[in-house]
Amino acid sequence: MSQAVLLFSMAVTVPWATVQTQLTGLLQTTIEEYMSGGGYAMQACFTNEFGSAVATTGFRDPYTLSQPTVNPQPAMVGDGFLVGSLTKMITAASVLQLVERGLVHLDDPIAPYIDWYLLSRNGTTLGQLWKDTTIELVTIRHLLSMTSGVGDFDTYQLRIVQELFEPNYDITPYDILHMANKTFVCEPGSCCDYSSTNYEFLGFLLAAFANSSDWDTFDQRAVLPVRPEAPYAKCKFALHGLLKSFNTPGFNVSHGYGDYLPENDLVWNVSATSGWACGNFLTSVTDMTQFTYDLFGPEHRIISPATLPVMYNATNVLDNLDNIKYGLGTMEMSNNAVQGFVVGHAGDTYGFGSMSGYNFNSSFALSIVCNKEPGSQSQDVFHALMGNITTLLKNAGPIQP
């Protein structure tokens, strides 16, 4: 073989440090473009097998009682953000671990698994709460896939009442079961309707199998994988107390601003627990991205390669949420030539907006967090970056460590 042919056949590689610098610049430029004005915080993180790139802009506390904060604190990498419904990916993965262990089956009814737990702690069964035998038909798969027909509890009206009149009250999962709409949207399995109540049922399933003394002693961290570099050390699952109570040295929690109370930081002074297994993960953008990579990435640190497609294959379309394809605790975020096949979840609640997903074509995870709701800006940034990162990686060619 001639030297020319040999050189031509050798793959040209680019150092990861070079690509990381390019990615960081792309992340920074994009979030600054979308978040210009208002002062709200936004952070973006990319993770693949070689490492991470992260960017941040804005302030964790830009407003106080609808007025610009004097000397607001810049948002820093490592700050905590309540990522809301991204918690559903964690809960779903935990349930699928039970399936892999043969402890439950996806098509088992949920009631027999949790009625004893609810009865001993809350004095009720699901049947007694719903007063409708249809509840007996709801399976674990129905709950994971949003096809149970169970009504939602999470409404703007509830949040406004809590924030204005009962900010110190911890809304417990038992409260959620009592206040949830008891009218079925459809017969279980006949529609796909987004309802966070589904994931409260699944939380009780996990607590029951862990034999936890009550819902707030169940260790939601158990699903987080152990890694040599020790991520997840500072992330928390909000159980009791105001959002600001989770602000600790080394883990500065961002204030949250809801569109239903414009430029008002009341979320900071409100109990952060009205979500539990459907929405209580309080984490940094880097840890959120690491979880998404650990869940969907090639190392399969959370569920097996055989179970993973069961989780992300979206066979249902959400009737009440922009016709998004929904799997088991996952959303199909894109499936096109520009962005590739991307699976993850969105979180748009409690004064925060977030997105996290994994690109199966280019093998990377991307997360966006923002302390402003609604999460439309987070979604716009996520999709813009997903396409641009895919192009950047394609143009860069093979990467070396």
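The dialogue below works through the core, a strand, a glycine and the enclosed spaces of a predicted model.

Trainee: Where should I begin with the interior, and which residues touch the most other members of the largest nonpolar core?

Mentor: A nonpolar core is read as a set of buried residues joined through side-chain atoms, and in this model the largest such core holds 124 residues, of which Trp 130 and Ile 389 touch the most other members. Helix α9, spanning residues 197-209, gives the most to this core, with 8 residues.

Trainee: With which residues is Trp 130 in contact, leaving aside its neighbours within four places in sequence?

Mentor: Trp 130 is in contact with Ile 135, Val 150, Leu 177, Ala 180, Asn 181, Lys 182, Phe 184, Thr 197 and Phe 201.

Trainee: Turning to strands, why is β14 described as largely enclosed by the rest of the structure?

Mentor: The general idea is that a residue counts as buried when its relative accessible area is under 20%. In strand β14, residues 364-370, 7 of the 7 residues are buried, so the strand is largely enclosed by the rest of the structure. Phe 364, Leu 366, Ile 368 and Cys 370 point one way from β14, whereas Ala 365, Ser 367 and Val 369 point the other way, and all are buried.

Trainee: Which strands pair with β14, and in what sense?

Mentor: Strand β2, residues 42-48, runs antiparallel to β14 and is joined to it by 6 bridges, with Cys 45 standing opposite Ser 367. Strand β13, residues 352-359, also pairs with β14 in the antiparallel sense, over 7 bridges, and there Gly 353 stands opposite Cys 370. The hairpin of β13 and β14 has 4 residues between the strands, and in this hairpin Ser 363 takes a positive phi near 60°.

Trainee: Is Gly 347 buried or exposed, and which residues is it in contact with?

Mentor: Gly 347, which has its place in strand β12, is buried, with a relative accessible area of 2%. Leaving aside neighbours within four places in sequence, Gly 347 is in contact with Val 83, Ser 85, Leu 86, Phe 352, Gly 353 and Ser 354. Sequence separation and spatial separation should be read side by side here, for Gly 347 and Leu 82 are 265 residues apart in sequence and 8.8 Å apart in space, C-alpha to C-alpha.

Trainee: How should I read the largest pocket, and which residues lie nearest its centre?

Mentor: A pocket is an open set of points, whereas a cavity is one from which the probe cannot get out. The largest pocket has a volume of about 690 Å³ and is lined by 28 residues, of which Tyr 194, Leu 321, Met 331, Asp 348 and Gln 379 lie nearest its centre. Strand β12 gives the most to this lining, with 4 residues, and the lining as a whole divides into 10 nonpolar, 10 polar and 8 charged residues.

Trainee: How many cavities of 30 Å³ or more are there, and what lines them?

Mentor: The count comes to 2 cavities of 30 Å³ or more. The largest cavity, with about 120 Å³ of space, has a lining that includes Leu 82, Arg 159, Gln 162, Glu 163 and Tyr 350, and its largest share, 3 residues, comes from α7. The second largest cavity has a volume of about 50 Å³ and is lined by Ile 90, Thr 91, Ser 94, Leu 206, Phe 218, Gln 220, Phe 237 and Ala 277. By class, the lining of the largest cavity divides into 6 nonpolar, 4 polar and 2 charged residues, while that of the second largest has 5 nonpolar, 3 polar and no charged residues.

Methods
Residues are numbered from 1 along each chain as its sequence is written. This is a predicted model: local features need pLDDT of at least 70, side-chain atom pairs count only at pLDDT 80 or more; totals for chains, interfaces and linings use all residues. Side-chain values use heavy atoms; hydrogens and water are left out. A nonpolar core is a set of buried Ala, Val, Leu, Ile, Met, Phe, Trp, Tyr and Cys residues joined through side-chain atoms within 4.5 Å. Buried means under 20% relative accessible area, exposed over 50%, partly exposed in between (1.4 Å probe, protein chains only). Helices (H or I, at least four residues) and strands (E, at least two) are DSSP runs, numbered from the N terminus. Contact means heavy atoms within 4.5 Å. On a 1 Å grid over the protein atoms alone, a cavity is a set of points where a 1.4 Å probe fits but cannot get out, and a pocket is an open set with protein on both sides within 12 Å along at least five of seven lines; lining residues have an atom within 4 Å of a point. Grid points are joined across faces, edges and corners, and a volume is the space filled by probe spheres set on the points. Ala, Val, Leu, Ile, Met, Phe, Trp, Tyr, Cys and Pro count as nonpolar, Asp, Glu, Lys and Arg as charged, and the others, Gly among them, as polar. Two strands pair if DSSP finds at least two bridges between them.
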